Amino acid sequence: MKDFQQKVLHGIIWTALQNWGGQVGSLLVFFVLARLLEPEDFGLVALANVFLAFVQVFLDQGFPKALIQHQNLEPEHIHTAFWTNLISGAVLTGLCILFSPLIADLFNEAQLTPILRYFSLLLLISSFTGVQEALLERQFKFKFVALRSLLGLFLGGLAGVSAALLGCGVWSLVIQQLTYESVGAIVLWRASDWRPQRQFSWPHFRELFSFGVNILAFNFLGFINTRSDDLLIGYFLGPTALGYYSIAYRILQIMVQLLIDTVNRVALPTFSRLLSDLAVFRSAFYKATQLTSVISFPCFLAVAVLAPELITLLFGKQWLPSAPVLQLLALAGIFRTISRFKGAIFMAMGKPVWRVWLGLLSSILNLIFFAIAVRWGVVAVGLAYLVRTGIMFPIEQSAVGRLIQAPMRDYLRQFVAPLVSATLMAVAILVAQQSISWKISPILQLIVLNSIGAATYLILLRLLAPKLFQKLLAALVTFLPNVNYKNV
């Protein structure tokens, strides 16, 4: 058990390095490209990514997740999953190249045709990497998964920024993504000692597919959940409006990856190995969600308050229409924090179909709300996203609670102190923002406001929940082992 806990800890550390180090680098590249390119460029690539995301749903059929979750994995499972992915990738790449002009005509954007054709190569590259990444994660070798991401982000960012400086426009973003995926594939294959053999087993295929088909269905519904807003905005409002929305949504994604996915990435292999003891399983779930909320609540609320200043400072005044959208999406991030682990629980406990049904409900609500809201612009779409997230949270958590025998009241009680502390922190930032006459640069103003917010939050958290405060500092000791947090 101690050895397993050590693997989990190392997995979290490397995932944290991947998310934090990678996203910091990604943010820097993102900021530079946003100043060098136009909103329409980001909108065109966002439209291409909508189509690519739809096709990717059908690429792996959920086989990599099945490999991670499977308790008695055999070589035939792995070889069968690899060849299935590779054949799917080759076929889908060809179909994308063939039908790209039709997709471009649908959105009345002729520039989409060549962009889509080059993006289709990403499908072929991804078909080579899914199994390798799943095996590394199953073995808790998150070090190599992190290195893949970090190196890909660095070289992809370098290629994208260089292309933008040379005047390549929208193609800078295309070059960036192709470089990232290509570098990542090379790293994964060098890190893994597994190599495919010419073996394919129909019985093993059916076994993997019986699990993966639920993930496939959920991924399809996930596409509707995460891309229907982009699709409707791009179709009805055009690429420029989509560019504004995509900037705000991109910031939300980065925050989720930094603040939540560090732990969530390790959740599935961890939960899958704790199934024999429901009490230990439930305790691990509580600890993961509570610790994540302590860190993410204040961050999301701070961004909601300071969105206009952040957008202006990081991207320039031309991106200010993204600020109100970002404020609404940041509030939705609160709900995402405390419901993010549900997918790992459903899969670990062999109930992926539960995830599918919840995804279906969420997709229906998304289509209804977004279709109504899009006529009023991107801010209304952001509000629809927040409302849908708030409606889905109690439904999703009731399903989780039923599965792991965790009453809703007990689960929500652990978030009271972090939420109250973070809310009062947001009020403190607003008061300081309105009452102080600022005669300093915008970046120093943000630093001061965030410092006031951080101090307020930590003081309140220690007063309201001293044990939770100690857990937070104990978690930081993982990265700063020489700190004696008990004396703080």
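What covers the buried residues of α5? The legends below take up this question first, then turn to a loop, a pocket and a cavity. The model shown is predicted.

**View 1. The buried residues of α5 and their cover.** Helix α5 spans residues 112-119. Five names matter here: Leu112, Thr113, Ile115, Leu116 and Phe119 are buried in α5. These residues lie on the same side of α5, because they cover an arc of only 165° around the axis. Their cover includes α2, α4, α6 and α8. In residue numbers, α6 runs over 121-138 and α8 over 171-191.

**View 2. Asn108 in the loop between α4 and α5.** Look for Asn108 in the loop that joins these two helices. Is Asn108 buried or exposed? Its relative accessibility is 68%, and exposed means over 50%, so Asn108 counts as exposed. The backbone of Asn108 also deserves a look. Its phi is near 55°. That value is positive, and Asn108 is a residue other than glycine.

**View 3. The second largest pocket.** This pocket has a volume of about 170 Å³. Which elements give two or more residues to its lining? They are α2 (39-56), α4 (75-106), α5 (112-119) and α9 (202-236). Helix α2 gives the largest share, 5 residues. Among the lining residues are Leu47, Ala48, Val50, Phe51 and Phe54. Ile103, Leu106 and Phe107 line the pocket too, as do Phe223 and Leu231. Leu112 and Leu116 complete the list. Both of these also appear in View 1, where Leu112 and Leu116 are buried residues of α5. By class, the lining has 12 nonpolar residues, no polar ones and no charged ones.

**View 4. The second largest cavity.** How many cavities of 30 Å³ or more does a search of the whole structure find? The search finds 2. The second largest has a volume of about 30 Å³. Two elements, α12 (278-315) and α16 (378-404), give two or more residues to its lining. Phe285 and Thr289 line this cavity, together with Gln397 and Val400. Ile338, Ser339, Arg340, Phe341 and Lys342 are also in the lining, and so is Tyr411. What classes make up this lining? It has 5 nonpolar, 3 polar and 2 charged residues. Set this beside View 3: the pocket lining there has no polar and no charged residues, whereas the cavity lining here has both kinds.

Note on methods. Residues are numbered from 1 along each chain as its sequence is written. This is a predicted model: local features need pLDDT of at least 70, side-chain atom pairs count only at pLDDT 80 or more; totals for chains, interfaces and linings use all residues. Side-chain values use heavy atoms; hydrogens and water are left out. On a 1 Å grid over the protein atoms alone, a cavity is a set of points where a 1.4 Å probe fits but cannot get out, and a pocket is an open set with protein on both sides within 12 Å along at least five of seven lines; lining residues have an atom within 4 Å of a point. Grid points are joined across faces, edges and corners, and a volume is the space filled by probe spheres set on the points. Helices (H or I, at least four residues) and strands (E, at least two) are DSSP runs, numbered from the N terminus. Ala, Val, Leu, Ile, Met, Phe, Trp, Tyr, Cys and Pro count as nonpolar, Asp, Glu, Lys and Arg as charged, and the others, Gly among them, as polar. Buried means under 20% relative accessible area, exposed over 50%, partly exposed in between (1.4 Å probe, protein chains only). The arc is that of the directions from the helix axis to the C-beta atoms. Contact means heavy atoms within 4.5 Å.
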